[in-house]
Amino acid sequence: MEAKAYAKYVRMSPRKVNLVLSLIRGKDVTYAEAVLKHTPKAACTPILKVLKSAMANAENNHDMDVSKL
């Protein structure tokens, strides 16, 4: 099962966002959240918002355990 969240109309270049996404791709949720909070890039704010939304979707819609994501 997979929980998804989308960010539409983010006014930022894909190259800048991809730099931040490469830091957290494949990592667990707690590590990814910590990296996003402490990385001084502007792209971290919308990505953190989408990550929290995906965590909430997994917990509420799919009854998944957030600590195992």
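Helices here are DSSP runs of type H or I with at least four residues, numbered from the N terminus. The model described below is predicted.

**Helix 1 and helix 2**

Two packed helices are described by the angle between their axes and the distance between the axes. For helix 1, residues 14-24, and helix 2, the axes come within 9 Å and cross at roughly 140°. Helix 1 and helix 2 are therefore oblique to each other, since an angle must be over 145 degrees to count as roughly antiparallel. The crossing in which helix 1 passes helix 2 is right-handed. Helix 1 contributes V20, L23 and I24 to the contact, while helix 2 contributes A32, V35 and L36. By class, the residues of this contact comprise six nonpolar, no polar and no charged.

**E33 within helix 2**

Helix 2 spans residues 29-38 and includes E33. Is E33 buried or exposed? E33 has a relative accessible area of 17% and is therefore buried, because the limit for a buried residue is under 20%. Not counting residues up to four places away in sequence, the residues that E33 touches are L48, L51, K52 and M55.

**T39 and the loop after helix 2**

Between helix 2 and helix 3, the latter covering 44-60, runs a loop that holds T39. Which backbone atom lies 2.5 Å from a polar atom of the T39 side chain? It is the backbone oxygen of V35. V35 is also one of the helix 2 residues in the contact with helix 1. When neighbours within four places in sequence are left aside, T39 is in contact with L23 and C44. Of these, L23 belongs to helix 1 and takes part in its contact with helix 2.

**Positive phi outside the helices**

Most residues other than glycine have a negative phi, and most peptide bonds are trans. The table lists two residues with a positive phi.

| Residue | Phi | Place | Relative accessible area |
|---|---|---|---|
| Y9 | about 60° | segment before helix 1 | 79% |
| D63 | about 50° | segment after helix 3 | 68% |

Y9 is not a glycine, yet its phi is positive. Y9 is found in the segment that precedes helix 1. With a relative accessible area of 79%, Y9 is exposed, because exposed residues are those over 50%. D63 likewise has a positive phi and is not a glycine. The position of D63 is in the segment that follows helix 3, and its relative accessible area of 68% makes D63 exposed.

Notes:
Residues numbered from 1 in each chain as written. Predicted model: local features only at pLDDT ≥ 70, side-chain atom pairs only at ≥ 80, totals over all residues. Heavy atoms only, no water. Buried < 20%, exposed > 50% of the residue type's maximum accessible area, 1.4 Å probe, protein only. Contact = heavy atoms within 4.5 Å. Axes fitted to C-alpha atoms, helices over the stretch in contact; angles between N-to-C directions. Parallel < 35°, antiparallel > 145°, perpendicular 65-115°, else oblique. Left-handed = near helix turned anticlockwise from the far one by under 90°. Nonpolar A, V, L, I, M, F, W, Y, C, P; charged D, E, K, R; others polar. Polar contact = N/O pair within 3.5 Å; in protein donor to acceptor, adjacent residues only side chain to side chain.
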